[in-house]
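The following paragraphs lead the reader through a protein structure, beginning with a single residue and moving outward to the chain. The reader is invited to keep the sequence and the model in view throughout.

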Amino acid sequence: MKNFFLSAALTLAAATSTFAQDATAILKPQDANTVIPKEIYGQFAEHLGSCIYQGLWVGKDSDIPNIDGYRKDVFEALKELQIPVLRWPGGCFADEYHWMDGVGPQEKRPRLVNNNWGGTVEDNSFGTHEFLNLCEMLGCEPYVSANVGGGTVEEMAKWVEYMTSNSNSTMAELRRKNGRDKAWKVKYLGIGNESWGCGGQMRPEYYADLYRRYSIYARNYDDNKLYKVASGANGDDANWTKVCMERIGNLMPGISVHYYAVRNWEKHGSATKFDTNTYYDNMERALYMEDLISKHEAVMDKYDPDRKIDLLVDEWGTWWDEEPGTTRGHLFQQQTMRDAIVASTTLDIFHKHTARVKMANIAQVVNVLQAMILTRGKEMVLTPTYYVFKMYKPHMDATFIPATIKCEEIQATADKKIPSVSLTASRKDGQVTVCLTNISADKVQTVEVDLGAAASKVVEGTILNAKNINDYNDFGKATLVAPAAYKDAKIKNGKLSVKLPAHSIVALTLK
């Protein structure tokens with residue numbers, strides 16, 4: 001009898017262990033009152049390395065399949081993502097870019113040295129027409145960064161007129177002569193880029209005055225209304241934001257901030273060769289995005305309590321050492337499962353702050369930094385980050401559902417811990433989407449989610465995972481990181497139970 005009770009106790013203990021929850025969460029659909037702007041999923045294309053040339057653009061005469069010069073496989077992959085907004089031409093390149101160099105017959109356009117990125121020769125075959133036509137074809141909003149650091153007010157004003165005026169002015173007629181009769185719709189205009197650094201090494205007080213000057217000459221033509229973006233802070237420099245709020249105020253609809261998940265700018269670290277300790281350190285830096293946004297929000301709330309001015313994180317992502325054998329200064333890096341987890345957890349943070357954060361632009365769309373796509377000759381690879389953006393598409397323009405979560409913490413650095421699980425949820429067209437990320441490098445996480453009023457009966461899922469956290473997709477090799485159907489989610493009595501493999505991302509649709 002003693003052995004029977006011992007056996008029963010062990011069986012009960014095993015069962016308890018099997019169904020024990022590593023994390024619990026509660027959805028609060030009753031508090032859902034903000035929309036996740038689709039622009040949170042924005043992209044960024046700079047004249048840097050092979051982002052534009054060989055990435056987006058190969059030219060009409062290329063033996064690489066193309067649509068009027070746009071690389072066909074890349075175009076179709078971006079069309080599938082339904083990218084909402086594309087920022088161009090920089091980045092640091094923007095404040096050395098003179099738009100007149102990039103219009104007119106391509107064979108007659110001047111060539112220049114790209115002083116910021118590798119000293120390569122820029123032939124200007126991709127210019128205003130090529131960019132704005134691409135945006136039209138993709139169905140996304142163009143976000144044009146104007147040259148404030150190295151350009152004049154007159155130059156910027158004429159560019160706006162060239163792009164958006166349907167009058168018979170000299171600039172509008174020049175556009176027509178260059179092949180475009182009807183003006184484009186251009187919503188977003190950046191007044192400079194990183195004016196604290198490569199855009200002029202300015203003090204915030206000086207930049208604030210320049211913004212006031214430049215922005216007034218960026219005029220609205222016909223029914224085109226510009227949304228002007230002030231060049232904002234480097235990381236958590238709250239003073240830059242403070243000065244701009246004091247001196248520009250409601251003259252700027254939005255102000256930007258740039259942040260990369262980098263601890264050591266002298267040596268970023270390998271994109272593919274890293275250990276678990278390095279990974280957790282990287283994740284601590286990535287998750288710092290939450291504190292950074294909160295710092296800027298606090299400053300903005302003081303001067304703008306009604307939240308009429310938006311915060312745009314128009315550069316963000318990972319930044320590793322360039323891949324061995326690639327051109328120095330072209331910032332070509334591989335993407336692993338680590339980058340996917342940085343992407344999903346960062347998007348989760350943005351969702352929580354969309355009362356103020358209205359746009360984000362990951363850097364960059366092709367072949368540079370945390371790219372969606374990599375190309376080499378005629379070959380193309382979709383990165384783990386691409387698949388995160390694809391899995392998260394249902395969140396675009398959906399109503400954000402707040403949630404609380406309790407989970408284990410991971411010792412990321414000597415003095416900082418990070419959560420082991422991240423969760424985000426939204427509702428759109430009667431459908432709830434829940435995305436969960438297991439940040440743990442080596443531990444399975446079982447999560448129970450109380451759905452509350454969002455309780456459903458049917459759950460369908462997709463998982464992004466890999467055998468190793470440093471697995472990546474490479475040219476000419478089997479795909480190691482790609483979404484697959486996920487079956488380990490159950491709904492019972494209004495609660496969702498999910499088993500998350502180590503370093504995995506799961507997207508669930510509740511019906």
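A suitable point of entry is M337, which is found in helix α10, spanning residues 337-352. The model that contains this helix is a predicted one. M337 counts as buried because its relative accessible area is 0%, and the cut-off for that word is under 20%. Leaving aside residues up to four places away in sequence, M337 touches P384, L464, N465, A466, N468, I469, D471, V481, H503, S504 and I505. A further relation links M337 to N473: the two are 136 residues apart along the chain, and their C-alpha atoms are separated by 9.6 Å.

A second residue may be examined in the same manner. T375 lies in strand β15, which covers residues 373-376. Its relative accessible area of 8% means that T375 is also buried, since the limit is under 20%. The side chain of T375 reaches the backbone oxygen of Q54 at 2.9 Å. Q54 is also among the residues that T375 touches, beyond those up to four places away in sequence; the others are G55, R71, V74, F332, V366, N367, M380 and F475.

From single residues the account turns to a helix. Which residues of helix α5 are buried? In this helix, made up of residues 170-177, they are M171, A172 and R175. Seen down the axis of α5, these buried residues fall within an arc of 100°, and therefore they line one face of the helix. An α-helix has 3.6 residues a turn, so residues three or four places apart point the same way. The buried residues of α5 pack against α3 (128-138) and α4 (153-164), whereas the face turned away from the buried side carries the exposed residues T170 and K177. Just after α5, G179 takes a positive phi of about 110°.

Strands offer a related pattern. In a regular strand the side chains alternate between the two faces of the sheet. Strand β27, residues 495-500, shows this alternation: L496, V498 and L500 point to one face and are buried, while K495, S497 and K499 point to the other and are not buried. Strand β23 (residues 445-450) pairs with β27 in the antiparallel sense over six bridges, and V447 has V498 as its bridge partner in β27. Strand β26 (residues 489-492) also pairs with β27 in the antiparallel sense, over four bridges, with K492 standing opposite K495. Two residues lie between β26 and β27 in the hairpin that they form, and N493 in the turn has a positive phi of about 55°.

Strand β12, residues 254-260, is mostly covered, with seven of its seven residues buried. G254, S256, H258 and Y260 point one way from β12 and I255, V257 and Y259 the other way, and all are buried. Strand β11 (residues 227-234) pairs with β12 in the parallel sense over four bridges; there, A230 has I255 as its bridge partner.

The chain may now be considered as a whole. It contains 11 helices and 28 strands, and buried residues make up 57% of its 511 residues. Of the contacts with a separation of 6 or more, 75% join residues 24 or more positions apart. The C-alpha atoms fill a box of roughly 100 × 55 × 45 Å along the principal axes. The radius of gyration is 24 Å, which agrees with the value near 24 Å that a compact globule of 511 residues would have. The chain exposes about 21400 Å², of which carbon and sulfur atoms supply 49%.

Key: Residues numbered from 1 in each chain as written. Predicted model: local features only at pLDDT ≥ 70, side-chain atom pairs only at ≥ 80, totals over all residues. Heavy atoms only, no water. Buried < 20%, exposed > 50% of the residue type's maximum accessible area, 1.4 Å probe, protein only. Polar contact = N/O pair within 3.5 Å; in protein donor to acceptor, adjacent residues only side chain to side chain. Contact = heavy atoms within 4.5 Å. Arc of directions from axis to C-beta. Rg over C-alpha atoms; globule rule 2.2 N^0.38 Å. Areas by Shrake-Rupley, 256 points an atom, 1.4 Å probe, with all protein chains shown as cover. Pairing = 2+ DSSP bridges.
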